[in-house]
Amino acid sequence: MSKLAVYPGSFDPITRGHEDLIRRGFVFSDRIVVAVAASAGKAPLFTLEERVALIKQTVSGKVEVQSFDGLLAEFAKKVGASVIVRGLRAVSDFEFEFQMALMNRNLAPAIETVFLVPAFDLTYLSSSLVREVARFGGDVSQLVHPKVQQALKRKFAK
């Protein structure tokens, strides 16, 4: 029986840090669903459809990309996940992620949450930081896949 992990996020846009965690998520699973949150509470730069398309262009292998709206625990149960993968960049991420993991355990006791620390050279990286650098014309080539870099240039050329 294969193990399925869900790696959720807004991915606005996907970064090299996200890619690192997706690759490393295979330690816990045979397949990974990258779950793109609709993020109704946020005003994303990229539409939901654009974010899903960029992730599909960026990742390969046994990775599936789906969007979802609502509770992560319900989505994870629906797709048959046994693991939720979350990244921790800094101590400041821990409190929020810990609360979410406990709530997800309450809602879906059979699904474990696993925290991964990004590669050392990617620890500082966030989608919001990438957007800010790209907005002002900075070089993000080392931070994102070339397809994402092109999409950022198109967004900010307007």
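**A pocket and the strands around it**

Okay, let's start with helix H4: nine residues of the lining of the largest pocket come from H4, and that's the largest share. Before I go on, keep in mind that this is a predicted model.

So, how big is the largest pocket? Its volume is about 1,100 Å³. There are 45 residues lining it, and if you want to find the middle on your screen, look for Gly9, Ser10, Lys42, Arg86 and Glu97, which are the closest to its centre. H4, by the way, covers 91-107. And H4 has company: strand S1 (4-9), helix H1 (16-24), strand S4 (83-87), strand S5 (112-116) and helix H5 (127-135) also supply at least two residues each. What classes of residue are in the lining? You get 22 nonpolar, 15 polar and eight charged residues.

Now the strands. Let me begin with S1 and S2. They run parallel, with six bridges joining them. One place to look is proline 8, which stands opposite alanine 35 in S2. To get from S1 to S2 the chain goes through H1, and that β-α-β crossover is right-handed. S2 itself, residues 31-37, is mostly covered, with six of its seven residues buried.

On we go from S2 to S3, which is residues 63-68: these two also pair in the parallel sense, over six bridges. Here you can pick out isoleucine 32 standing opposite valine 63 in S3.

Next, S4. Is S4 mostly buried or exposed? Five of its five residues are buried, so the rest of the structure largely encloses it. Val83, Val85 and Gly87 point one way, Ile84 and Arg86 point the other way, and all are buried. You've met Arg86 already, as one of the residues closest to the pocket centre.

Which strands does S4 pair with? One is S1, in the parallel sense over two bridges, and there alanine 5 has valine 83 as its bridge partner in S4. Another is S5, again in the parallel sense, this time over five bridges. Arginine 86 stands opposite phenylalanine 115 in S5. The chain travels from S4 through H4 to S5, and this β-α-β crossover is right-handed too.

Let's zoom in on the loop between S1 and H1. Phenylalanine 11 sits in this loop, and here's a funny thing: its phi is positive, about 50°, although it isn't a glycine. Phenylalanine 11 has a relative accessible area of 2%, so it counts as buried. Just along from there, aspartate 12 and proline 13 are joined by a cis peptide bond, with omega at about 5°. Proline 13 is in this loop as well.

Then comes H1. What caps its N-terminal end? Threonine 15 does, with a side-chain oxygen 3.2 Å from the backbone nitrogen of glycine 17. Within H1, Gly17, His18, Glu19, Asp20, Leu21 and Ile22 are buried.

Last stop: aspartate 30, in the loop between H1 and S2. Its relative accessibility is 36%, so aspartate 30 counts as partly exposed. In sequence it is 28 residues from serine 2, yet in space the two are 5.8 Å apart, C-alpha to C-alpha.

That's my tour. If you spin the model afterwards, try starting at H4, with its nine lining residues, and then find S4 with its five buried ones. Thanks, everyone!

Methods:
Residues are numbered from 1 along each chain as its sequence is written. This is a predicted model: local features need pLDDT of at least 70, side-chain atom pairs count only at pLDDT 80 or more; totals for chains, interfaces and linings use all residues. Side-chain values use heavy atoms; hydrogens and water are left out. On a 1 Å grid over the protein atoms alone, a cavity is a set of points where a 1.4 Å probe fits but cannot get out, and a pocket is an open set with protein on both sides within 12 Å along at least five of seven lines; lining residues have an atom within 4 Å of a point. Grid points are joined across faces, edges and corners, and a volume is the space filled by probe spheres set on the points. Helices (H or I, at least four residues) and strands (E, at least two) are DSSP runs, numbered from the N terminus. Ala, Val, Leu, Ile, Met, Phe, Trp, Tyr, Cys and Pro count as nonpolar, Asp, Glu, Lys and Arg as charged, and the others, Gly among them, as polar. Buried means under 20% relative accessible area, exposed over 50%, partly exposed in between (1.4 Å probe, protein chains only). Two strands pair if DSSP finds at least two bridges between them. A crossover is right-handed if, with the strands pointing away from the viewer, the path from the first strand over the helix to the second runs clockwise. A polar contact is a pair of N or O atoms within 3.5 Å; within protein, one must be able to donate a hydrogen and the other to accept it, and residues adjacent in sequence count only if both atoms are side-chain atoms.
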